[in-house]
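Trainee: Could you take me through one strand of this structure closely, and then through what surrounds it in the same chain? Please explain the terms as you use them.

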Amino acid sequence: MSAAPPARPAPTPPATRPARPARRRPFARRAGGGQTRLALLLLLPAALVVFGVVLYPAGRALVISFYDVDSPFPGRYPFVGLRNYTEILADDRLWAAVGHTTYFTLVSTALELVLGLGLAQLLAAPIRLRWLFRAIVILPWALPTIVNGAMWRWILNAQYGVANALLTQLHLQGDYRSWLGNDPFLALNMVVVADVWKNTSLVAFFLLAGLQTIPRGLYEAARVDGAGPIRAFFRITLPLLVPNIALVLVLRTIEAFKVFDIVYVMTGGGPASGTQTITFFTYLQAFSAQRFSSGASLAYLTVVAILLLALLYLRLLRQSELMSP
Amino acid sequence: MSENMSELSRRRLLQLTAVTGAGLLLAACDVGGGSDTGTGADSGAAGNGEGQIKALFMKQAGYSEDDIRAMTDEFQKKYPKIKVEPSFVAYEALHDKIVAAAPASTFDVVLIDVIWPAEFGSKRIVTDVTDQFPAEWKSDMLGGALATAAYRDRYYGVPWILDTKYFFYNTDMLSRAGVDPASLSTWDGVLTAAQTLKAKKIVDHPLIWSWKQAEALVCDYTQLVGAFGGKFLSDDGKSIAFNTGGGLQALEFMKRTLDTKLTNPNSVESLEEDVRKIFSDGQAAMALNWTYMFNAANDPQQSKISGKVGVATTPSGPASAPGVNGSMALSVSSGSRNQKAAWTYISYITSAGVQDKYAKSSLPCWTKSYDDPTVASTLPQVVPVAKKQLANLIARPQVPRYNEISQILQAELQNALLNRKPPKKALDDAAEQARTLLA
Amino acid sequence: MRASLRYRVFIHLAALATSVVILAPFAWLLYSSFVGQTDLVSRPMRWLPEHVTLDRYREIFAGGGTGAGAAFRSAMVNSFLVAGGTVVISLVVGVLGGYALARLRFPLRRTTLLSFLVTYMLPPIALIIPLYLLMSRFGLLDTRTGLIVVYCSLATPFALWNMSTFFGSLPVELEEAARVDGCSRLGALVRVMLPLSKPGILATALYAFLLCWDEFLYSLIFTSTSQAKTVPVAIAEFTGRNAVDFGLIAAGGVLAALPPVVLAVVFQRYLIGGLASGAVKG
């Protein structure tokens, strides 16, 4: 055990993994009510830190969504029931934003997952200077989102951008063109590119962590059986990675659904509102228009949408777990 | 998480959501806020006129951060009992910061844009200072400046930064093309000049504008609406008027300059700074921009065309030649506990003496300053033009929900400029969405 | 075990291609920060610059008084203190709570963890105005402490989950042995579990640090002076004011990216073993 880095205990091979986690807790069975008290004590700081900050504002935002609050001041505002929700749901701009957000979420999450899977394989592969490669791959994740947005805006600048310079000089395009300003759909795709460039590395590392727990022996056995690397990937790697994939999907979907910073920096929601996402629209409603109730109801609709997505993933996960070996 | 996930039934998650929701409801006892601080003290006379005040400024254009700190230092020397703490945010964050800070009364003095008095006044985020507003200011300040902080005949602040969009041109390019700058006094003349410049291959795209989906787009549009004799609202202010007449012609004009490639296509993703950059790099011959571009484009450090910058009043259309009112004012926030001191501070830094001293950064709001030789000598080319232009300004609609209307308008203007809708349809759609926001 | 030559060539080429895709934008950012403005905006692009300058870095590092440089420097300090404070606090509460979730048996255990994770779904926009009032009431506006408080609420759910899953993956027997030797539960946690948890702790810390260094919206609204403004806000302001001084923006971006990048590269090797996603299988 003297070898650095401190190795994590060998993972239990899936074949012998206990059916229920409770069995791994012999302590747990011995203990009684004292554990509950200790648990409460240990969890109290975390609860304070999180709920002390979140609970009151979240509750207040929910209440606000049922009133018509149009200024930041305390005071009496008319109770309007669900009107904010019905009104906002009837607003075309919301549905446009939902479209953009859905597209952004689906495409960026899917790309990050597919590329991340490949990248994770590569990170695990026996290449020379692997430490260097891993260090390179982690870079985009560490780059602050605001800087990432500013960087891509500069690269894609219509007048001076290096993307234009490169493509024009390689004769891949006739002349300088606009990437972020002319065609809303193209601009949205460019935001996706910037997001995928940054977040694929996070996905890859999350998946790599899972990849490392798959016992080598399984691959050896597959090879003896005559399975090639592609077959091994689909028969062993993918099924065993399903929980990790589900986890990454949930994390990335939630993040992508809440996307704000990168849009704020790269396009400001334009052109022709073509990159306005739900959160960006919420921000405009709440702050720029001072329709706090409308913004709050939008935020809660977002929460509901995210919850539904999470439930969907959980269900898919359960199903696929039944199918895995 | 899968361990937790896989054993988690949907019911449990729903249950949890319900429990959390109920908890949240309990946590929230009132709607707007806890205590009733802030809104009551709207008389503009809170505080004893001494002590500390906080002021919120912006980081772009107009007076620089250094200017403001210097003014503040001079103020404190004169009023040692008042201590001023200035803060600076980007213009893009200014509105939201004022809104978020209002209930907590973080700032005593806030800088507001000309489009906000209706909103901030009607929501009582800033104080009505009409009663403190000296009668002589109303006669001594330029009309355009006075309108900056006014809404429905009440004053919600003191004008401080007076600005409009001037017409800039590259004298070198014009003389090479043989275009007489005097012909640029009308938009028709500008188009002809642009065609000549383009035909003689002096510049690919003679015109550059700030038509990104932002307030800058509405500013350019407003100036053209004025030129074509259009109106944003009907005279009674109860209905939308920009989708007919001059409002429509203005947009059609914009679209035409794009279609004929006289306008740089990158205009639709440019802000004022991009306009300055492209103009200063000699990649455009003509542009509308705020006063600051004159100094910046003449600064050899950041410009390739220094010494070749011409400035004029905005070209006229069939109707007239008003400049968009792009001024800003200083207001006392309604929650301030030291409104007296705040007023003293505002009165000082908006005074003619202080404004004259820093005229190089931003032209004064006072009529008499323009005859002051020291002011005139700071920007000899601009001041005579400014004197003329500032007498003829057009305002964007003064309505409490201006921001929302502007957002809708920005999006629809871009729809037309990007060929996604015919101009008429785009403006009709904008009018339809904005209709309910006027009430 | 020797892989086929074709396979080895393929993975090396793939790794090389990936590295290029990742490094090219970075390289451009770095290049833009050193190269003179006229080279940057040349058309057609001059790939070999005529001017190389350190001016922007000089301005940021040595720019006096009230300039962009001073604002940026104080933002760096603020970001460090805020991120540091958040990492420490969220780690401590995450370790304690994570241990309870992993090893103790009590009612509503999973619901507890989930309720923490659900807070992650709330969009910050929804909370920001009530939170502003709350912070104002406690005098936390425009203070680093205030930001730490808010960021802890963002970082703790991840810390809790990562640490609990990580602890869960450690064999119970070690801890049991320690307890037989007379250690208390907390004693066992500190003496046996923590030393084994270095990768988990470092991965959690890195994640929390990056989260704080990245956060924008709260900082934008809750801070207003150089007392508390963090790097993302400084960069946003920077780009607002010097919208077309691409070199200066690039230099700011490079400096803003430096601390998280260095940390991530240094601790990268712990990440693979320390991310709980490696142990999500029950």
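Mentor: The strand comes first, then the domains of its chain, then a second sheet and one helix residue.

The model is predicted: local features need pLDDT of at least 70 and side-chain atom pairs count only at pLDDT 80 or more, while totals for chains, interfaces and linings use all residues. Residues are numbered from 1 along each chain as its sequence is written, and chains are lettered from A and ligands numbered from 1 in the order in which they are written.

The strand is S12 of chain B, residues 328-332. Strands (E, at least two residues) and helices (H or I, at least four) are DSSP runs, numbered from the N terminus. Five of the five residues of S12(B) are buried, so the rest of the structure largely encloses this strand. A residue counts as buried when 20 or more other C-beta atoms lie within 10 Å of its own, as exposed when there are 12 or fewer, and as partly exposed in between, with C-beta atoms placed from the backbone. Met328(B), Leu330(B) and Val332(B) point one way from S12(B), while Ala329(B) and Ser331(B) point the other way. Both sets are buried.

S12(B) pairs with S3(B), residues 109-113, in the antiparallel sense over five bridges. Strands are taken to pair if DSSP finds at least two bridges between them. S6(B), residues 158-161, is also antiparallel to S12(B) and is joined to it by three bridges. Met328(B) of S12(B) is the bridge partner of Asp113(B), and Met328(B) is likewise the bridge partner of Ile161(B).

Now the chain as a whole. Chain B is divided into domain 1 (51-163 + 326-388) and domain 2 (166-324 + 401-435), with bounds from an automatic or database domain assignment. The C-alpha centres of the two domains lie 28 Å apart. Twelve residues of domain 1 are in contact with twelve residues of domain 2, contact meaning that the C-beta atoms, placed from the backbone, lie within 7 Å. On the domain 1 side, the elements that give two or more residues are helix H5(B) (117-122) and helix H17(B) (382-389). H17(B) gives the most, with three residues. By class, this side has seven nonpolar, two polar and three charged residues. Here Ala, Val, Leu, Ile, Met, Phe, Trp, Tyr, Cys and Pro count as nonpolar, Asp, Glu, Lys and Arg as charged, and the others, Gly among them, as polar.

Chain B also has an open sheet of four strands in the order S8-S9-S7-S10, with mixed pairing. Its edge strands, S8(B) (207-208) and S10(B) (309-312), each pair on one side only. S7(B), residues 166-170, runs antiparallel to S9(B), residues 286-289, and four bridges join them. In that pairing, Tyr169(B) stands opposite Met286(B) of S9(B). Helix H12(B), residues 272-280, lies across S7, S8 and S9 of chain B and runs at about 150 degrees to S9(B). Such angles run from 0 to 180 degrees between N-to-C directions, and axes are lines fitted to C-alpha atoms, for helices over the stretch in contact.

For contrast with the strand, take Ser377(B), which lies in helix H16(B), residues 373-378. Ser377(B) is exposed, because 10 other C-beta atoms lie within 10 Å. Its C-alpha atom is separated by 9.5 Å from that of Lys360(B), 17 residues apart along the chain.

Conventions. Two residues are in contact if their C-beta atoms, placed from the backbone, lie within 7 Å.
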